[in-house]
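This report covers contacts within and between the chains of the model shown here.

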Amino acid sequence: MTSGWQMVIGLEVHCELKTATKLFCGCPNVFGDEPNTNVCPNCLGLPGSLPVLNQQAVELAMAIGTALHCEIKPSTFHRKNYFYPDQAKDYQISQYDEPLNVNGHLDLPDGFRVGIERAHMEEDTGKTSHAGASGRIHGADYSLVDYNRSGVPLVEIVSDPDMRTADQARAYVTELRAILVASGASDGKMEEGSMRVDANVSVRTAADAPFGTRCEIKNLNSVRSLGRAIEYEAQRQIALIESGEAVVQQTRHWDEGAGRTEALRSKEDAYDYRYFLEPDLVPLVPDAEWIRAVGDTLGMMPAERRARLVGLLEESGGATDAQRDQITTVVDLGLDDLVVEAVAGGVGSGLALARTANEAATDADAARALDPKSYLELLMLEAGGLLSATQAKAVLAELFVRGGGDPAAIARDKGFEAMSEDSLAATVAVAVDGHPDEWGRYCAGDDKLAGFFTGLVMKATKGQANGKAVAAELARLRG
Amino acid sequence: MAGPARLTREDVAHVADLARLHLSEGELDLFTGQLASVLDHAADVASLDLAGVEPTAHAMAVTNVLRLDEPAPCLDRGEVLGQAPSVEDHRFRVPRILGEAP
Ligand SMILES: [Zn+2]
């Protein structure tokens, strides 16, 4: 950030809810189906069709509100009127002045608290694609519309303008995504559009100065784009102000390829949505018992899951910074139960965490589908010295390919046999004899040379030797 | 109690524009008068002392009308697209849109 300036960032996150059907009709809520196959009179806006609210969508929205420490309130639905072919009805049903969830907060992993203004329900729009040379609206000859997504339940989560750096914005979206996944509300797939982020960015010269004029950035499809777009936009606004011009309040589109934001429209032509109460829907009034029942179904949230893994590492002297990063990775990917079960089964917490963060994480979908017992058995083989680290990784890859299985049997199939103590000792001896200088330094107390000798043994055995056993043998030889 | 400012011809032109209605000069005059009298009628309610009266969100005192999250049959795509003036690649083909989605 340019010195003398501070960014002010608020984020609006649209999250598609993981329901079986749409918000107001029984059409399936599925990503990637053939165009216009999941449509009915309701989501096509045909005359005479009536919306009926999906109970599961309401409960997932309440779960999000609970997870974000919101007040869950009686709410109503409005029609937001606009002409655009992504809505066949020419209006979107959304919550306006009486949203379901208000006044919550989200704590970033470093403890920084971001206020949540509201988390309200609304329906998604259809998907438009623009035919023509550019694929963008400008220059398109016509547009094509698929209404499969029209009416899919969304919750829009609006933060307070509390963030001051792009890093905080990234951390917020990452943590929010983890919370949405943990609460069962969303699959959190930004690449499939089930989570979409808009950023409101302004700059000011001092932390106690009034907020500057803000711009809203759309089309942020990844956490990386979000960070880049915010940095770019703040610099653009600073340059404007420093050259004596004013920032114009407007909506801007992030162009990932060009690495810049471009104006879409300015406030003068801001839409007049003419909101009015949706006459075909009645108020949604959750009572205390319903709210409690939904809260009871909530699983552990990411912060608690991270704390659980940190707790497991206490026995080995507490989590290092690197291990804290591993913990974040494992929890974000929903793999922490694997670690917990492995440790409960007798595997050291450091090994269980490292294998999960480094190897299991490379194919998180496969890892989540894995029987925790298979995973435990594999780690026990490695912990017991029956498989080297390299071999354990190979067996895990095979478990993923097969979708499970008996790790010991796979190891046998692959010809992985633990080296006998005699042959290990012989290999170590060869390495030591071949490098008398290094051995001398090792014996003189230069412990780093242990890694050198382990490397030689691993090379000689093509990774079949157990690292710990090699280290033990080296220590024994040194006496 | 002062009511809202009286409806102007410009207001009606703006609302008509938002609704994509193309009104002639004569129609603008006609509808300004008609709409103004409707709003005058609503303003009568605003002149009443309604302190302590609960706002009415809906004509029926009903809340929480919900359905189970169970799939229902969809329409046949051929039939659906058969109603459209123009179709391409199993999608509705619409005229070029100016501007991004609001
Ligand atoms: Zn439908």
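Gly4(A) touches Arg204(A) and Thr205(A), where contact means heavy atoms within 4.5 Å and residues up to four places away in sequence are not counted. Gly4(A) belongs to the segment before β1 (6-16) of chain A; helices (H or I, at least four residues) and strands (E, at least two) are DSSP runs, numbered from the N terminus. The C-alpha atoms of Gly4(A) and Ala206(A) are 7.2 Å apart, with their positions 202 residues apart along the chain.

The model is predicted: local features need pLDDT of at least 70, side-chain atom pairs count only at pLDDT 80 or more, and totals for chains, interfaces and linings use all residues. Residues are numbered from 1 along each chain as its sequence is written, chains are lettered from A and ligands numbered from 1 in the order in which they are written, and side-chain values use heavy atoms, with hydrogens and water left out.

**Interface of chain A and chain B**

The contact involves 60 residues of chain A and 36 residues of chain B. About 4,200 Å² is buried between the two chains, 62% of it on carbon and sulfur atoms; buried area is the accessible area (1.4 Å probe) that two parts lose on being put together, summed over both. The rule for polar contacts finds 20 residue pairs across this interface, both residues at pLDDT 80 or more. A polar contact is a pair of N or O atoms within 3.5 Å; within protein, one must be able to donate a hydrogen and the other to accept it, and residues adjacent in sequence count only if both atoms are side-chain atoms.

On the side of chain A that touches chain B, the elements that give two or more residues are β2 (53-54), α1 (55-67), β8 (127-132), β9 (140-146) and β14 (260-266) of chain A. The largest share, 7 residues, comes from β9(A).

Strand β2(A) runs parallel to β1 (residues 66-67) of chain B, joined by 2 bridges; two strands pair if DSSP finds at least two bridges between them. Within this pairing, Leu53(A) stands opposite Leu66(B).

**Salt bridges**

A salt bridge is a side-chain nitrogen of Lys or Arg within 4 Å of a carboxyl oxygen of Asp or Glu. The count is 36 over all chains, and 1 between chain A and chain B.

| Salt bridge | N to O distance |
|---|---|
| Arg77(B) and Glu34(A) | 3.4 Å |
| Asp280(A) and Arg79(A) | 3.3 Å |

Asp280(A) lies in the loop between β15 and α4 (288-297) of chain A and Arg79(A) in strand β4 (residues 78-81) of chain A, so their salt bridge ties together parts 201 residues apart in sequence.
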